[in-house]
Structures are given as C-alpha cells and as structure tokens.
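Visitor: I should like a close look at the aromatic rings in this model. Please describe how they are arranged.

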Amino acid sequence: MQDALSEQSTIIVVDTNILLEFLDVLQTFVSEIEQRGLPVVLIIPGVVIYELDSQKNRDGLSWFARRASTWLLRKVKERRSVKGQALEETCKASRNWKKREPGEDLGMERTNDSLILDCCQYFFRQRRTFLCSRDKILAVEAESVGISTIFPRRGSFCSRDIAFTVFGQATAKTFSGHYPIYSNESKEPGAPATMPDDDGMDVDDDSAMAQVIRPSHALDLLHLQVIEYFSQLLLDLVSAVGHGEAQSFGVGGVGSRHTPSYARKHMTLWAASDCVEYLNSKKPCPRSNPRVEVFLMKPYEGRGARRGQDWSRRDWEVALKGLAVIGEQWEAGSAIRESIPAVQFHVSRIFSLPMRPTGL
C-alpha cells in the first residue's frame, strides 16, 4: 500500500505521451520538487501503466517505454512524489477503474482517454489537480470540467514550464529551464533556443555557461540516457544477485586497502563500474574493448570516459554487446537483455543520419 496523500498535496496526472516524450523533464521536475519539499504528487493512471507496457516491443518507442517504466517503478517504491492510481481511485460506481460501466464503448483509444479523465476527476474532487498531456482532445475534455492542463506546445518544454503552471512565475524562476534531450525527433540539434516564452519567462537556463556544457548532439544525448538507464538496471541486478549482501557494504568502516572499492561504500553510491566489478567477482565476464564500465561513465568523469559522439559505431555495438553478455549470465538480467535491441534501434537510426562531426 502506498502512503496516503496529504490534503495539501497538488496533484499532476500524467498521460502516456508525456512519459514517452518528456521523461527527462519529469525526472528533473520531480527531483526539484523533492529538493524543495514541495507538496506535489505525480499520479500515474492505471491505464497509462498498461499503455507503457504495450509499447515495450515497438520499434522506436520501446526504448522510451522501458526507460519510463523503470523510473516509475523506482519512484513509486520510494513513496514520495510519484504514485500509481489505486484500483478504487475512480469516480465509477463500481469503485474499480478496470470495470467497464454499462454502455461504456468508445473504442480502445477513447476508452483509455476516458479512464485518464476519470482519474483526474477523482482527485479533482479532493485536491488541486492538473492534467499533463499532449492529447488536445483529452486536454479540451479536462478543461471543460474545470481541470487545468499542462500542455507542452513546443520543443522547449521544461521543468520550469510545469512549475509556472502549478506555482506561478516567482517560484518557477528557481526551476530548470530547457535543455536538449534525446527523442524520436532528435536529428541534428542546434544550439538551445533562448527566445523568451509568451509568458515572459526565459525558457533557457540563467547562465550562458550552462548552455556551453550541456550536450546537443544526438549521440551525446542518447549516451546520457543509456548511462542513467543501464546503471540503474545494473544496480537492480546486483540487488537480485547479492541477496542483500551488497546492502551491507560500506557499513561499519572502510575495510583494508585490499578490500574491493565497491565494498568500501554504500550501494546507493555505486557507479556502473562498481556493479560490474561486483558481478564479475561472482561470475567472471569476458572483458570487451571498450569495457562496459568505461562506456557507462559520464563524459570526462573517469579515465577513458567520453561523450557519446566520441565513441565509434563499433564502440557502441561492442559496449552494448558487453551489456547483453552480463544480462545473459544471470536469470535476473532479463531487463538488461531485453533492453539492448531497444537502444540498438536508436543507435542505428542516429548513425544513418547526416550529422555534424561535433556537438556542444
């Protein structure tokens, strides 16, 4: 059971299209509201969970659906700012959102939209509620019953846009502005836009330096997603393989100088390199070139670490194959194994595009 929502909580109901297209924006927003201790909860309708699952084997969408599902599972388990819709959280007389009401036959797509709207209306009865969606018809339906909407109308959608709608301009100024993210529309990204929004807010970050250090090349952007996603899956695999052993590391002293580096720190501080070292201690894995743990380092944060565009196509293929081998060694590695084709699709897509040789 999830913790009860505070009566002061502001609710944002999130549609599937936002999770698929703007997961990075949601991640930033959730991180920022948690840092500030703001009473905002993202609600994920039950039908959205099912829609994400149905996209996991679709070329082009599989990568985004898997990233979203993995992040949602972690955040829902934390019981803080992201919550799944409970079965009884519905306006239906049956008190079960899965049960079809008499005469309810709108076609699959419209039925799903009606379930999302039903979820919005349930929370709207009790708390200040917003719908975040790119579906224009669903947004019109929500507005028609008094539910305010957060609608990303342009490519510069960011955490600040959500905060502006929920909190107003004064608070929104402290939230992150726009930065490039990898999506199906990523081709040849140029410099981030600095045009002011129609509400008078800058959609970009406050300093020009932030624009310089943020990547804009499609390979760089995909690489950052790969690092974040597979690092989490490796941590999950370590938890499954270690049966609690890894949780005890880093507690009660740092150990001798011969103690493996991963054993000297708590698991929550582990990087991908620590996970790979630990897994290799249990079941040695052939070393690839580039090594998986080096490929999964953020650019310039360790020896051999590079930007996504600095790895050749062969490097990408070898590193992903190395990840697949790790997944194949363990029964609990299915999430890693099944995710490799999803990211390979986008690697092939990007390398087939005419690209500038460097990016910021």
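Guide: The following account treats ring pairs, their exposure, and the charges that sit over rings. This is a predicted model, in which local features need pLDDT of at least 70, side-chain atom pairs count only at pLDDT 80 or more, and totals for chains, interfaces and linings use all residues. Residues are numbered from 1 along each chain as its sequence is written, and side-chain values use heavy atoms, with hydrogens and water left out.

Rings of Phe, Tyr and Trp (its six-membered ring) pair if their centres lie within 6.5 Å; planes under 30 degrees apart are stacked, over 60 edge-to-face, and the rest tilted. On that basis, 17 aromatic pairs are found in the whole structure. One of these is stacked: Phe 167 with Phe 175, at 6.0 Å centre to centre and 25° between the planes. The pair of Tyr 229 and Phe 230 is edge-to-face because the planes stand at 80°, with the ring centres 5.1 Å apart.

As to exposure, buried means under 20% relative accessible area, exposed over 50%, and partly exposed in between (1.4 Å probe, protein chains only). Phe 167 is partly exposed at 26%, whereas Phe 175 is buried at 1%. Tyr 229, at 4%, is buried, and Phe 230, at 0%, is buried as well.

One aromatic cluster is formed by Phe 249, Tyr 262, Trp 270 and Tyr 278.

A charge sits over a ring if NZ of Lys or CZ of Arg is within 6 Å of the ring centre and within 35 degrees of the ring normal. Arg 36 lies over the face of Phe 175, 4.5 Å from the ring centre. The charged end of Arg 306 is placed over the ring of Trp 311, at 4.4 Å from its centre.
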